[in-house]
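Trainee: I am new to this structure. May I put some short questions to you while we look at it?
Mentor: Certainly; let us begin.

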Amino acid sequence: MKYDVVIVGAGPAGIFTAIEMVRKGSKKKILIIEKGVSVENRRCPKSKTKTCMNCKPYCHITTGFSGAGAFSDGKLSLSSEVGGNLPELIGDLKAQETIEYTDKIYLEFGADTRIEGISNPDKIREIRKKAIMANLKLVDCPIRHLGTEMAQQLYLKIEKYLIDSGVEILFSKNCDDIIIEDGVCKGVVISDSKDGKNSETIYGNEIVVATGRKGADWLEKVCETHNIEHRPGTVDVGVRVEVRNEIMEEINEVLYESKLIGYPLPFKNKVRTFCQNPGGFVSQENYDNDLAVVNGHSYKELKSPNTNLAILCSHNFSVPFNQPIEFAQKVGELTNMLGNGHIMVQRFGDILDGKRTWEKELSFSNVKPTLPDAVAGDITSAMPYRTMTNIINFIKAVDNVVPGFASRETLLYSPELKFYSNRIKMDEHFNTNIKGLHCLGDSSGWTRGLMMASVMGVLMGRELI
């Protein structure tokens, strides 16, 4: 089969590449290849079983049309300061202009018109003052919250729009490899994602790889095999923190999502908050190598008494070790082993006391875990000393901004890992050193999150029209 454009991955970057081409009237033949299934067929059994079933051949939370976006809390960050390093490639002005353009597309498909985090500038100044006094930086970013359930409905509309517009989508297909001849990318080799059978070759004039965080490890191997220029980037290792809504009340009301950045002593590594979910739920995601990682969701209607957010510590490696994804995986594997395949949870006070948390102790706490099958234990037995020290000192600093955040009952879940470390070398038109090959979204190392990945897709679509 031969197409003008072949897109690998139906996450936001791949989707918006196709959307922009269609909206601009392109007559090119477009194919999207997706490992998972359509939005309407994605089902996570945990809502009924109350425990992770480790679904095979892939996790429905992370895989399928719209990627992890359909089952995440669905927050669109509306500032170019948030969402990765794409502005370094295309410029801040172009990034911000495209965010505003892309946001309008989301609104057309049913996104909530309300914008969080802009209603009370005086309170924001007070929070920033506290952050400065605690040696932290506050990034107050406007947020459009889709909500987990509403995000699924929105992406279903997008899926139907693309199909009705003539875009072909192949579901349940792995991309096993790309085809490169004489320095030109000619196509991809695919197979059934269920069993790896029925291998076939699909050719295209332009190949767009947008496999998301879940595909970062695969893309790194492809780069090594085919000499695609790239460099190791940053990998984030951390925890998911959960506290009562009362503790986060002011931050939730004023900012909805507080983005705090610090460089705590003694190591001065970058540590930041990420993906805050007021009234949300801690969740589990499973990767193809059976790695269980923690995440967080927030619905529009269904609310819990807790707020959860990630605290991530950035790590960079160069000499003699330059495989950051493998480093993070090893941390996750060790944590999973101690948790017998489950996410682990520990009270902050127990960490300070140098003891593990027991299940009975959680039942006495004000903060009840919203991840019901998390295993109480000792996350510090698996977390590197440098990372854990950074996280502890960062939590203490945040307590000066949000009193009670460092409560002894605050829950820390592990592992929280972000696999977007492989930075593909590209020009501002997203051309790699291989002619006809383009890499987008979180797997490219240039974006982090729904909006910036969508923006990269829009810009790619304009290049391919």
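**Cysteines and the sheet**

Trainee: How many disulfides does a search of the whole structure find?
Mentor: The model is a predicted one, and a search of the whole structure finds zero disulfides.

Trainee: Which cysteine sulfur is nearest to that of Cys275?
Mentor: That of Cys141, which is 13 Å away, and Cys275 is in no disulfide. The cut-off for a disulfide is a pair of cysteine sulfur atoms within 2.5 Å.

Trainee: Is Cys275 buried or exposed?
Mentor: Cys275 counts as buried, because its relative accessibility is 9% and the limit for buried is under 20%.

Trainee: And Cys439, which cysteine sulfur is nearest there?
Mentor: The sulfur of Cys223 is the nearest, 5.9 Å away, and Cys439 is likewise in no disulfide. Cys439 is buried, at a relative accessible area of 0%.

Trainee: Turning to the sheet, in what order do the strands run?
Mentor: The open sheet has eight strands, in the order E4-E12-E13-E16-E11-E19-E17-E18, with mixed pairing.

Trainee: Which strands stand at the edges?
Mentor: Strand E4 (136–139) and strand E18 (375–376) do. Each has a single partner strand, so one side of each is left without a neighbour in the sheet.

Trainee: What packs on the sheet and touches E4?
Mentor: Helix H5 (residues 121–133) does, and H5 also touches strand E12 (259–262). The direction of H5 makes about 155° with that of E4.

Trainee: How do E13 and E16 pair?
Mentor: Strand E13 (residues 271–277) pairs with strand E16 (residues 306–316) in the antiparallel sense, over five bridges. Val271 has Cys313 in E16 as its bridge partner.

Key. Residues are numbered from 1 along each chain as its sequence is written. This is a predicted model: local features need pLDDT of at least 70, side-chain atom pairs count only at pLDDT 80 or more; totals for chains, interfaces and linings use all residues. Side-chain values use heavy atoms; hydrogens and water are left out. Two strands pair if DSSP finds at least two bridges between them. Helices (H or I, at least four residues) and strands (E, at least two) are DSSP runs, numbered from the N terminus. Contact means heavy atoms within 4.5 Å. Axes are lines fitted to C-alpha atoms, for helices over the stretch in contact, and angles run from 0 to 180 degrees between N-to-C directions. Buried means under 20% relative accessible area, exposed over 50%, partly exposed in between (1.4 Å probe, protein chains only).
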